[in-house]
Each structure stands twice: as C-alpha cells, then as structure tokens.
Amino acid sequence: MAYTVPDFHNPTGLLMPDGDRAALVDAARRADAFLVADETFADLGHDTGAPRVPPLAAHDRGGRVISVGSASKLMWGGLRIGWIRTTAPLARRLVLAREPFDMASPVLEQLIVRELLASVDDVREQRARELTRSRDALAGALREHLPGWEFRVPEGGLSLWARMPAPVATRLAETAERHGVRVVPGPAFGADGVLEDYVRLSFVLPPEALRTAAERLAGAHREVEAAPAARPLPAYV
Ligand SMILES: Cc1ncc(COP(=O)(O)O)c(C=O)c1O
C-alpha cells in the first residue's frame, strides 16, 4: 500500500499534475498495490482561478485507489469528521473492522458536517479568500524580513515550505518558540533527520498575526545564526 497526498500536499503545498496521477495509478496496478489518496487538502485551492485537477481515483478502474478526506481543514480544526471512498465490499470490511474500537463517529459532528455540505461552495469560497489573503501577507513579510529564505507561493493548502540558507531548522523551531512563534522543523516530515534546512510555516492565522510572526521569526533566525551550534550535526552514513 502507498499513502499519498496528491492535492496541495502537506507540507510542500504541491499539486500532483494529471499525467503523474495516471502514471502513479498505473505503477500501483503493475505492483498490485493499493493507493490511499488523502484528499484532506483538495478543497483548499486558493484564488488563482486555476482549473481543478481530477482526483487520483479518476484514473482507477480496478478499486485500487482508496480516497480519504476530512472536514477538519476545510471547515474548522475541531470538526474531526472524515470519510473514505472505496468499493462497496472494501467499505463493508472497513466498517466491520472499526466497530470493536469506537463503533462510529460522534453523531452531533456528523450532523454539523451534513448541514455545512449543503453550502460547501460558499464554505470553499470563503476559505479560499481568507487563505489567499493570509498566504500573501506571510509571503510578503518573509520577503521583507527573511530575504535569504526561498519558497514557492503555493496554489492551495495551508502552509508554505521554506528553505533556509543553512540547516538550522530544529534550533530555529526551539528558539522561535521562545519568541512566541511555533513552526514545524523539516525533519518532522522526513526519515533519519533529513530536511534540516526546511521549515513549515502555516498561514491559517489572520494577516496581521502572520506579519508579527514573520518579524519574530526573523529575530529568532538572527539569534540562531549568531550562536554557533552547541555540537556538530550528526553525520549519516
Ligand atoms: C494530509 C493530512 N490528512 C489528514 C489530516 C488530519 O485530519 P483530521 O484532523 O480529521 O484527523 C491532516 C492533519 O494535519 C493532514 O495533514
């Protein structure tokens, strides 16, 4: 089984092009593997007017792609209702496999999601407007306060994946916390301590808060650059 986030991947924000989706489903067919497509971010496209890429499952003919998603990113963080779209036989097996653990998802939350799904286009539009404003505010503040950092402005999702000039992500995250800003260092997203020069910056807060956060982050980065590392980074062999 392979787990994938084809739509506005967390943390990079990348959108998998349609040709790659077709090739991935074909590779899974040849390897006789299942593909889980996590579509939690699929409805979080920004205001770019770009056409939406068809889902991974659009290339599937044999029940090989299992699509999953959640209301918690499109609607709000505490609304943890998810869904699975698969063939009827596998759906039945999954329902039975879940019963011994917690029977079912909370009914009140399910009813709230059902109500919101009736106006999902409005929800999507409102979210896109807010996210676009916040994303642009963060990108602008980073260019101003941290001009040495490199990043692509994503077309969807909730985060910006920034590359720093030196591999100091773990120390930066610790220092930033003392400055009142929480960021996730790159190694949290990789195996064996890689991605030390990357940091995930999410932009779910309003523009003003993000501008303040970028200023504080720049202060934390200066502090890290000024202090030499207490011990050399471990080498991986
Ligand atoms: C790719 C992806 N899928 C799913 C989730 C979690 O969804 P939920 O809050 O419904 O557990 C997250 C949370 O960050 C995520 O990044």
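Modeller: Let's start with a term: a residue is near a molecule if its C-beta atom, placed from the backbone, lies within 6 Å of it. Bear in mind that this is a predicted model.

Biologist: Got it. Which residues surround the ligand?

Modeller: By kind, the shell around the ligand divides into one nonpolar, five polar and two charged residues. By name, the ligand is surrounded by V5, N10, D38, T40, S70, S72, R80 and G82.

Biologist: Let me zoom out. How many helices and strands are there in the protein?

Modeller: Going along the sequence, the pattern reads β-α-β-β-α-β-α-α-α-β-α-β-β-α. The C-alpha atoms fill a box of roughly 60 × 45 × 40 Å along the principal axes. For the tally, the protein has seven helices and seven strands.

Biologist: What separates the centres of domain 1 and domain 2?

Modeller: The protein is divided into domain 1 (2-118) and domain 2 (122-226). These domains do meet: 18 residues of domain 1 are in contact with 18 residues of domain 2. On the side of domain 1 that touches domain 2, the residues divide into nine nonpolar, six polar and three charged. Taken over C-alpha atoms, the distance between the two centres is 26 Å.

Biologist: I can see three strands forming an open sheet; in what order do they come?

Modeller: The edge strands are β5 (159-163) and β6 (184-185), each pairing on one side only. Strand β7 (residues 198-202) is joined to β5 by five bridges, and those two run antiparallel. Put together, the order is β5-β7-β6.

Biologist: Which residue in β7 does A162 stand opposite?

Modeller: Look for a β7 residue that touches A162, M164, A169, L172, V183, P185 and G186, leaving out residues up to four places away in sequence. The residue with those contacts is V199, and the one standing opposite A162 is likewise V199.

Biologist: Now the largest nonpolar core. Which element gives the most to this core?

Modeller: This core has 36 residues, and L138, L160, A162, A169, L172, V199 and F203 touch the most other members. At least two residues come from each of α2 (71-74), α5 (120-145), β5, α6 (169-178), β7 and α7 (207-226). Both domains take part, with at least three residues drawn from each. With six residues, the element that gives the most is α7.

Biologist: Apart from that core lies another; how many residues does it have?

Modeller: Its members include L35, L56, V65 and I66. It lies apart from the largest nonpolar core, and its residue count is seven.

Biologist: What about V53: how does it count, buried or partly exposed?

Modeller: V53 is in the loop between β2 (35-38) and β3 (65-70). A buried residue needs 20 or more other C-beta atoms within 10 Å, and an exposed one has 12 or fewer. Because V53 has 17 C-beta neighbours inside 10 Å, it counts as partly exposed.

Biologist: And how far apart are the C-alpha atoms of V53 and D18?

Modeller: Along the chain, V53 and D18 are 35 residues apart. Still, leaving aside neighbours within four places in sequence, V53 is in contact with L15, P17 and D18. The C-alpha separation of V53 and D18 is 6.3 Å.

Biologist: Last one: what share of the protein's residues count as buried?

Modeller: For this, a residue needs 20 or more other C-beta atoms within 10 Å of its own. Of the 237 residues, the share that counts as buried is 30%.

Technical notes
Residues numbered from 1 in each chain as written. Predicted model: local features only at pLDDT ≥ 70, side-chain atom pairs only at ≥ 80, totals over all residues. Pairing = 2+ DSSP bridges. Helix = DSSP H or I, 4+ residues; strand = E, 2+ residues; numbered from the N terminus. Nonpolar A, V, L, I, M, F, W, Y, C, P; charged D, E, K, R; others polar. Core = buried A, V, L, I, M, F, W, Y, C linked by C-beta atoms within 7 Å. Domains from an automatic or database assignment. Contact = placed C-beta atoms within 7 Å.
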